[in-house]
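Q: Can we go through this one together? I'd like to start with rings, then move on to empty space and odd backbone spots.

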Amino acid sequence: MKKLISDYLNKDSSPYPLSIYRIGFGILVMITILRFWYNGWIDSLYIVPDFHFSYYGFSWVKPMGIYTYLIFYICFFSALFVMLGYKYKYAIVTLFLSFTYIELMDKTTYLNHYYLVSSISFLMIFLPCNSYFSIDSKSNNKIPKWTIDSLKLLIVLVYLYAGLAKINSDWLINAQPLKIWLKTKYSIPLIGESLLQKEFSYYLFSWGGMLYDISIPFLLLFKRTRVFAFIMVIIFHILTRILFPPIGMFPYIMIFSCIIFFNSSFHKKIIEFFKSFSKEKNNILEDYKSIKGLNKNKISLFFISGFFIFQILVPLRSAFYTGELFWNEQGYRFSWRVMLIEKTGYTTFKIVDKSNGKFIKVNNRDYLTMFQEKQMSFQPDMILEYAHYLGDIYKNKGFKDVSVYAESYVTLNGRPSQQFVDPKIDLYKQKRSFKHIKWIIPFTDEIKSLL
Amino acid sequence: MKFNKFFFLNFFILCIILSCSDSDDSNSSSSDNYDRQALLSNIVNNIIIPAHNNFKNELDLFKSNVEVFDNNRDITNLQQLQNQFIEAYKAWQHIEMFNIGYAEEIFYASKMNIYPANISRISDNINAANIDLDSNSNQYSAQGFPAIDYLLFGLAEDNQSILNIYLSSGQDNLTMNYLNILSDKMVENTDLVIDYWQSNKESFINSSGNSSTSSLNMLSNDFVYYFEKGLRANKIGIPAGVWSGELPQNVEAYYKGNISKLLAIEGLQASYNFFNGIHFGSNQIDGEGLYDYLAYLDDTNYSDSTMFIGLEDDIVSSFENSMQKLLLLNDNFVIQIQADNIKMLEAYDAIQQAVVRLKTNMLSILGISVDYYDADGD
């Protein structure tokens, strides 16, 4: 066993796949940042709001007023440096830190693919992506095979967990939430008024999506099915882009990431293709040597194994919580649960001064943006954080014995709305923690699911 | 090499073509599926435009009554003016929710019906030479129905004393002058809003896409906003003290007093009719409305959904329940609040149940955003 591992770690590969990955990833992050900037989201999501929803333990990560632009600036240039392979180590660490900082600033904007970008950039810190076709690299080096495999493993995990999460009764038996979503996509050319109005298509898309997610990692891993799998990847993700425009950069990141599964001769061809535009023709060298000590670099291997233990266990943490996962959302994020729920809530707060019975109902829009209000209205941790924020405000306004109560209704995947927060519970007395939430009224229906 | 170039070229072209075909407002004629254009056409042609025309008739009549009163200030003409004010105010309840297009641009609803009226500002305006009723938002509560309510019913204890105020200093009477200015302004704004609907109705009906600026999206959002804010909060919740202590002085038509229930019922009826697609007017023809569209969308087949009536019927019954609670109230909400506020709060709770259904179930299933925020989602 030990020998097997040792042999595996000593295996080398040509550096082309990592070079291509580095360049493409850098470009995609740059586009992500530019798109964010261009759409005015830096202002509307991070500078306009007075209040930001933070992750437990990361409440110190906040936007910094007008200097928030600086973080995006840093992130953009670190992505540029990563692409160029210039001062790669510093660039990729900066990219990871700045992008993750952006992500942590406000929970409202949580997206699985932002988390994916953070995860990939963390992993890339320990990969020698600059060993070829970069400004850093003076010579051509072999790289350990496991460095390429680790990227593949991450993509495999993303697809697998996304697929396993789709094995639940709402998705497969009721074709929800796709039924709700696709039915109103009537203005999509060709299929909007026809296919998307047919009952069978919701099942087709639901089952197809689940089978796609579960099988695609294996189809990509095997050489014989790889080209077919990649064509499927393109079709699938472009389709999601058409059906769900707000999905943003996600399809492009996934399509691009799957290129890593092709063998190094394919990547070599890509590099040759790009080099065919330049005058230098002789850059592809066949005799490269190994980077000394990288194959069994203890620090890299330590962090990477830790990273994958984290990636494997974190999506499973929902098993430790009782109650319906889609309802309580404990363990929902960071688990590659993508597009699983159509949840809409309506939540308002009443602040009571117990010392004199005085009370006030809050207009959420006085404190939150429309987007924040929408997200807060059905996510328990955000409701609690906001309730504490409101309680603090009224404490400062002179309320002596502050209590905060929520009137909250939520609909999940087309079910009739149900009261969400126990209206008798003083949220101001509830502590933020990873323990089971007791102040959410249990979901009355049952959703059976694998994970 | 050839293969690769070809491959990448194709790949990028595919990406570009497909990603450019984002959904936008298409003028698609409908097929065997739900006909959204029929829904929009019914709402525009049989509800919005007739309701606006009806309001304009009542408002023009009110305006001519103001002129009659101006020329001949006696008790009879004052009473006639007061009665016509009530008719116009009732008609207004049927159009307040359509805060769309030009109406939204000029803050029409705010200029017509923000209450309580700002009395000190009204007094200032009466004595001021030039006032800007259009662009200063502080002036919204000094014009429209609430201000006229004050001018016709609130200046003094009884009609004779009110009349005396209009009789002082003859033709140069400043209060009469202000009443003229306000009624002119209302007519002017209303005419422009009606012009907008007349000239834009075709494009409005044809914009049947599902983007955030499509007609159905705007109508649904405005309807929900009106129902939550204009009806639930302004007419019932705020005066009944749901937000913080009781504020009886905040009831609609406070100075007239005994029509607050009438106006609330009219507003709820207008909401009910809009939701169901019932034509404006006495014939009550039931056309295509959100009800019918929801019935098309709502075929969720959960195993235990037999215990629920359909979403659309659930909303209708919450409207009906709200109406029952409203009917129990005193004609004058001020009296109701002071005598038995519990009944007001019960009416509020009933309307709140309808708000919950509209804001969660309806908006969720309509697949439209609550409003025009813009960001990624997954």
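A: A quick definition to begin: a charge sits over a ring if NZ of Lys or CZ of Arg is within 6 Å of the ring centre and within 35 degrees of the ring normal. Keep in mind that this is a predicted model.

Q: Ok, which ring does the charged end of A:Lys183 sit over?
A: The ring of B:Tyr296. The charged end of A:Lys183 is 4.8 Å from the ring centre.

Q: And what about A:Lys166?
A: Its charged end sits over the ring of A:Trp171. The distance to the ring centre is 5.4 Å.

Q: How many aromatic pairs are there over all chains?
A: The structure holds 69 of them. One of them joins B:Trp92 and B:Tyr108. That pair is edge-to-face, with 5.4 Å centre to centre and 80° between the planes.

Q: What does that pair tie together?
A: B:Trp92 lies in helix H3 (residues 75–92) of chain B, and B:Tyr108 lies in helix H5 (residues 108–112) of chain B, so the pair links parts that are 16 residues apart in sequence.

Q: Is B:Trp92 buried or exposed?
A: B:Trp92 is buried, at 0% relative accessibility. B:Tyr108 is buried too, with a relative accessible area of 2%.

Q: Got a tilted pair to show me?
A: Yes, B:Phe223 and B:Phe227. Their centres are 6.1 Å apart, with 45° between the planes. Both lie in helix H10 (residues 215–237) of chain B. They are four residues apart, about one turn of the helix. Both are buried.

Q: Which residues do ring pairs link into a cluster?
A: The cluster holds B:Phe55, B:Phe62, B:Phe85, B:Tyr89, B:Trp92, B:Tyr108, B:Phe145 and B:Phe153. So B:Trp92 and B:Tyr108, which we just met as a pair, turn up here again.

Q: Switching to helices. Which residues of helix H12 of chain B are buried?
A: H12 covers residues 290–297, and its buried residues are B:Leu290, B:Tyr293, B:Leu294 and B:Leu297.

Q: Why are they on the same side of H12(B)?
A: Because they cover an arc of only 100° around the axis.

Q: What covers them?
A: The cover includes helix H9 (178–183) of chain A. From chain B it includes helix H2 (36–71), H10, helix H11 (260–276), helix H13 (311–327) and helix H14 (333–366).

Q: You named H14 of chain B. Where does B:Asn341 lie?
A: In that helix, H14 of chain B. B:Asn341 counts as buried, at 10% relative accessibility. Leaving out residues up to four places away in sequence, B:Asn341 touches B:Ala240, B:Glu246 and B:Gln336.

Q: Now empty space. How do we find it?
A: Rolling a probe the size of a water molecule over the atoms shows where empty space is left.

Q: What volume does the second largest pocket have?
A: About 1,500 Å³. The pocket is lined by 46 residues. A:Asn363, B:Tyr225, B:Glu228, B:Lys229 and B:Gly230 lie nearest its centre.

Q: Which element gives the largest share of that lining?
A: H10(B), with 11 residues. Other elements supply at least two residues each, including strand S4 (343–353) and helix H16 (370–376) of chain A.

Q: And how many cavities of 30 Å³ or more are there?
A: Eight. The largest cavity has about 100 Å³ of space. Among the residues lining it are A:Thr32, A:Phe36, A:Tyr46 and A:Glu103. Helix H2 (16–38) and helix H5 (88–105) of chain A each supply at least two residues of that lining.

Q: Last topic, the backbone. Where is there a cis peptide bond?
A: From A:Gln176 to A:Pro177, with omega near 5°. A:Pro177 is in the loop between helix H8 (169–172) and H9 of chain A. Another cis bond joins B:Tyr115 and B:Pro116, with omega about 5°. B:Pro116 is in the loop between H5 and helix H6 (119–127) of chain B.

Q: Which residue has a positive phi although it is not a glycine?
A: A:Leu190 is one of them, with a phi of about 65°. A:Leu190 is in the loop between H9 and helix H10 (199–221) of chain A. A:Leu190 is exposed, with a relative accessible area of 83%. A:Lys87 also has a positive phi, near 50°. A:Lys87 counts as partly exposed, at 46% relative accessibility.

Methods. Residues are numbered from 1 along each chain as its sequence is written. Chains are lettered from A and ligands numbered from 1 in the order in which they are written. This is a predicted model: local features need pLDDT of at least 70, side-chain atom pairs count only at pLDDT 80 or more; totals for chains, interfaces and linings use all residues. Side-chain values use heavy atoms; hydrogens and water are left out. Rings of Phe, Tyr and Trp (its six-membered ring) pair if their centres lie within 6.5 Å; planes under 30 degrees apart count as stacked, over 60 as edge-to-face and the rest as tilted. Buried means under 20% relative accessible area, exposed over 50%, partly exposed in between (1.4 Å probe, protein chains only). The arc is that of the directions from the helix axis to the C-beta atoms. Contact means heavy atoms within 4.5 Å. On a 1 Å grid over the protein atoms alone, a cavity is a set of points where a 1.4 Å probe fits but cannot get out, and a pocket is an open set with protein on both sides within 12 Å along at least five of seven lines; lining residues have an atom within 4 Å of a point. Grid points are joined across faces, edges and corners, and a volume is the space filled by probe spheres set on the points.
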